[in-house]
Amino acid sequence: MTLGSKLAWDDTVLPFQLDRSDIRGRVARLDGVLSGILKQHNYPTSVEALVAEMALLTALIGQTIKLRWKLSLQVQSKGAVRMIATDFYAPQAEGEPARIRAYASFDREKITDGAPMDQIGEGYFAILMDQGKGMQPYQGITPLTGNTLSSCAEAYFAQSEQLPTKFSLSFGQSTEPGVAQHWRAGGIMIQHMPKASPHVQGGGSGEGGLLAAEDLLNDDEGENWARANFHLATVEDMELIGPSLPSTDLLFRLFHEEGPRVFDALPVRFGCTCSEDRVRQSLSIYSARDIEKMTTDEGRVTADCQFCGAHYDLDPATVGFEAKEVSGE
């Protein structure tokens with residue numbers, strides 16, 4: 001395999017369908033996206049792992065949203081990691097890449113040597129969808145459950161969307177010879193088609209009474225779902241993280257009996273939407289007196305983007321609803 005073909009599947013999401021099982025899914029591999037996200041921060045390794053997993057989930061889930069929409073995933077917790085936030089910006093036009101950004105808020109003194117999920121306490125997992133101007137944003141929330149962020153996402157889809165969903169993810173720091181150490185991630189998401197998901201009342205069989213996949217399927221659907229999950233469970237970490245195995249070959253290896261059908265792959269890139277204009281807009285609700293309280297000893301108003309680390313330094317007289325016209329600083 002040539003270097004070009006090895007890299008062809010990096011930073012892409014490949015949608016597929018298993019025609020014989022009424023199941024759809026996506027395969028994603030992230031490399032440069034994670035580098036773009038993580039190099040902006042000095043996270044502990046366990047926090048980097050959580051951000052990498054969250055970014056991978058965001059890529060897998062976000063592939064389904066329409067052009068110009070925005071999908072956000074959030075984890076809020078009472079643990080050392082207080083919040084993880086990701087945004088997925090769908091392409092502006094056909095053929096363009098999607099963009100992902102992510103960051104975590106945490107108490108460094110409370111971070112332990114334990115597993116990544118040990119840094120997260122009681123809290124919730126949320127998915128938010130912004131369909132653009134004039135449309136009401138959608139938000140769904142479910143309690144944090146299980147020992148991975150992917151298990152939280154599975155619980156979300158079962159509880160809030162009543163869609164049986166399964167993730168198989170792998171992520172870690174690549175140590176390829178001759179290549180600088182960096183994070184890579186790869187994963188597969190499978191989901192039963194919506195038409196097969198009945199409305200379920202009452203408690204489920206999952207942790208804390210939450211709904212689980214088996215609560216949502218009849219006998220025939222359950223058999224197909226169990227078979228697909230059996231095949232998915234055979235995937236190995238190196239098959240997911242790549243880069244030597246094309247995503248199409250991986251799907252055939254796992255699901256050739258299920259009639260896999262692939263669609264166009266979606267390229268994804270690290271990208272942030274922050275700008276000086278957005279900072280000014282966010283400050284436009286404040287009076288001159290409020291702005292004065294935000295002004296530094298050096299006589300400036302500053303702001304830092306949590307996602308990309310961009311620093312904005314503004315003249316306080318030019319921000320707020322009482323600001324004078326900006327004439328260039």
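Arg 227 is partly exposed, with a relative accessible area of 27%. The model described here is predicted. Arg 227 sits in helix H5, which spans residues 219-232. Its side chain meets that of Glu 258 in a salt bridge, 2.7 Å from N to O. Glu 258 has a relative accessibility of 1%, so it counts as buried. This residue lies in the loop between helix H7 (247-255) and strand S10 (260-262). The two partners are 31 residues apart in sequence, so the salt bridge ties together separate parts.

**Salt bridges**

How many salt bridges are there? The count comes to 10. One of them joins Asp 31 and Arg 184. Asp 31 lies in the loop between strand S2 (23-30) and helix H2 (32-38). Arg 184 belongs to strand S9, residues 182-192. The pair ties together parts that are 153 residues apart in sequence. Are Asp 31 and Arg 184 buried or exposed? Both are buried. Asp 10 joins in too: Asp 10, Asp 31 and Arg 184 are linked in a network of salt bridges.

Another salt bridge connects Arg 101 and Asp 87. Arg 101 is in strand S5 (residues 98-106), and Asp 87 is in strand S4 (residues 81-89). They are 14 residues apart, and the pair links distant parts of the chain. Both Arg 101 and Asp 87 are buried.

The table sets three of these pairs side by side.

| Salt bridge | Closest N to O |
|---|---|
| Asp 31 and Arg 184 | 2.7 Å |
| Arg 101 and Asp 87 | 2.9 Å |
| Glu 258 and Arg 227 | 2.7 Å |

**A buried charge without a salt bridge**

Asp 11 lies in the loop between helix H1 (3-7) and strand S1 (12-18). This residue is buried yet has no salt bridge. Which side chain of opposite charge is nearest to Asp 11? It is Arg 269, at 5.1 Å. A salt bridge needs a nitrogen and an oxygen within 4 Å, so this distance does not qualify.

The side chain of Asp 11 does have backbone atoms beside it. One of its polar atoms lies 3.0 Å from the backbone nitrogen of Gly 32. The backbone nitrogen of Val 33 lies 3.2 Å from a polar atom of the Asp 11 side chain. Leaving out residues up to four places away in sequence, Asp 11 touches a set of residues including Arg 29, Leu 30, Asp 31, Leu 266, Pro 267 and Val 268. Arg 269 is also among the residues touched by Asp 11.

**Aromatic rings**

A search of the whole structure finds five aromatic pairs. In one, the rings of Phe 125 and Tyr 156 have their centres 6.2 Å apart. Their planes are at 55°, so this pair is tilted. Phe 125 lies in strand S6 (residues 123-130), while Tyr 156 lies in helix H4 (residues 149-161). The pair therefore ties together parts that are 31 residues apart in sequence. Both residues, Phe 125 and Tyr 156, are buried.

Tyr 156 also pairs with Phe 157. Here the ring centres are 5.3 Å apart and the planes are at 80°, so the pair is edge-to-face. Phe 157 is buried, as is Tyr 156. Ring pairs link Phe 125, Tyr 156 and Phe 157 into a cluster.

**Charges over rings**

Arg 101 returns in another role. Its charged end sits over the ring of Phe 307, 3.8 Å from the centre. The charged end of Arg 99 sits over the ring of Tyr 89, 5.1 Å from the centre.

**Loops and backbone angles**

Arg 99 has a further neighbour, Gln 92. Gln 92 is in the loop between S4 and S5. Its relative accessibility is 42%, so it counts as partly exposed. Not counting residues up to four places away in sequence, Gln 92 touches Arg 68 and Arg 99. Gln 92 and Leu 67 are 25 residues apart in sequence, yet their C-alpha atoms are 5.8 Å apart in space.

Most residues other than glycine have a negative phi. Arg 68 has a positive phi, near 75°. This residue is found in the loop between helix H3 (45-62) and strand S3 (70-77). At 53% relative accessibility, Arg 68 counts as exposed. Asp 22 also has a positive phi, about 60°, although it is not a glycine. Its place is in the loop between S1 and S2. With a relative accessibility of 26%, Asp 22 counts as partly exposed.

Definitions and conventions
Residues are numbered from 1 along each chain as its sequence is written. This is a predicted model: local features need pLDDT of at least 70, side-chain atom pairs count only at pLDDT 80 or more; totals for chains, interfaces and linings use all residues. Side-chain values use heavy atoms; hydrogens and water are left out. Helices (H or I, at least four residues) and strands (E, at least two) are DSSP runs, numbered from the N terminus. Buried means under 20% relative accessible area, exposed over 50%, partly exposed in between (1.4 Å probe, protein chains only). Lys and Arg count as positive and Asp and Glu as negative; His and the chain ends are not counted. A polar contact is a pair of N or O atoms within 3.5 Å; within protein, one must be able to donate a hydrogen and the other to accept it, and residues adjacent in sequence count only if both atoms are side-chain atoms. Contact means heavy atoms within 4.5 Å. Rings of Phe, Tyr and Trp (its six-membered ring) pair if their centres lie within 6.5 Å; planes under 30 degrees apart count as stacked, over 60 as edge-to-face and the rest as tilted. A charge sits over a ring if NZ of Lys or CZ of Arg is within 6 Å of the ring centre and within 35 degrees of the ring normal.
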